[in-house]
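Notebook open, model loaded. I wanted to look up how the sheet is put together and then follow up one residue.

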Amino acid sequence: MDTLARQVDLFTSCKEVKPGTEYDASHDGTDAAWGAQEAADPSWGIKERAVGKDFRHPMALLLVSDMRKFQTAAKKAKAPFAIGKNYAVVPVGDDQIEALSPSGLAFLTCTPDFSPPSGHRTEKALVDGCVLSDYFPT
């Protein structure tokens, strides 16, 4: 998790990284971070969840043990993610999304009409109906 946090911090601030349960216990619903329930649900295939902060928003960092399960759950939840080979990042707000776009992460979306601008690529994800792209819409 430390390696993932350092990598993300190269592109957008990712400080004060805490295990997800520790972060959740220290926040009373304000400034909540994505994934408290999802990380506990085996259908997501999440091995570990941590939360880092930029200057305004929490950002969930996820180590994924089964990317096919993760993408299937993301499709069902209709939620986009920034993903790598065995991890995912849940950026909050346009600033984080824009900052992560050159990071080498792929944008996972299962939106049927998703079409990036010319010059950007898409490739098939592990789950039918989803794609990965180097374009991060804000």
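Before counting anything, I noted the rule for pairing: two strands pair if DSSP finds at least two bridges between them. I also reminded myself that this is a predicted model.

**Entry 1, the sheet.** I looked up the strand order first. I found 8 strands in an open sheet, running 1-2-3-5-4-6-8-7, with antiparallel pairing. Strand 1 (15-19) and strand 7 (122-124) sit at the edges; each has a single partner strand, so one side of each is left without a neighbour in the sheet. I then checked the twist: on average, neighbouring strands of this sheet are turned by 30° against each other, direction ignored.

**Entry 2, one strand pair.** I picked strand 6 (residues 106-109) and strand 8 (residues 131-133), which run antiparallel and are joined by 3 bridges. Which residue in strand 8 is the bridge partner of Leu108? I got Leu132.

**Entry 3, the helix on the sheet.** Next I looked at helix 4 (residues 67-77), which packs on the sheet. I listed its touching strands as strand 2 (46-53), strand 3 (58-64), strand 4 (81-83), strand 5 (87-90) and strand 6. The direction of helix 4 makes about 165° with that of strand 4.

**Entry 4, Phe11.** I found Phe11 in the loop between helix 1 (2-9) and strand 1. Is Phe11 buried, partly exposed or exposed? Buried means under 20% and exposed over 50%, so at 30% relative accessibility Phe11 counts as partly exposed. Leaving aside neighbours within four places in sequence, I have Phe11 in contact with Ala99, Leu100, Pro102 and Ser103. Phe11 and Leu100 are 89 residues apart in sequence, yet 5.8 Å apart in space, C-alpha to C-alpha.

Key
Residues are numbered from 1 along each chain as its sequence is written. This is a predicted model: local features need pLDDT of at least 70, side-chain atom pairs count only at pLDDT 80 or more; totals for chains, interfaces and linings use all residues. Side-chain values use heavy atoms; hydrogens and water are left out. Axes are lines fitted to C-alpha atoms, for helices over the stretch in contact, and angles run from 0 to 180 degrees between N-to-C directions. Contact means heavy atoms within 4.5 Å. Buried means under 20% relative accessible area, exposed over 50%, partly exposed in between (1.4 Å probe, protein chains only).
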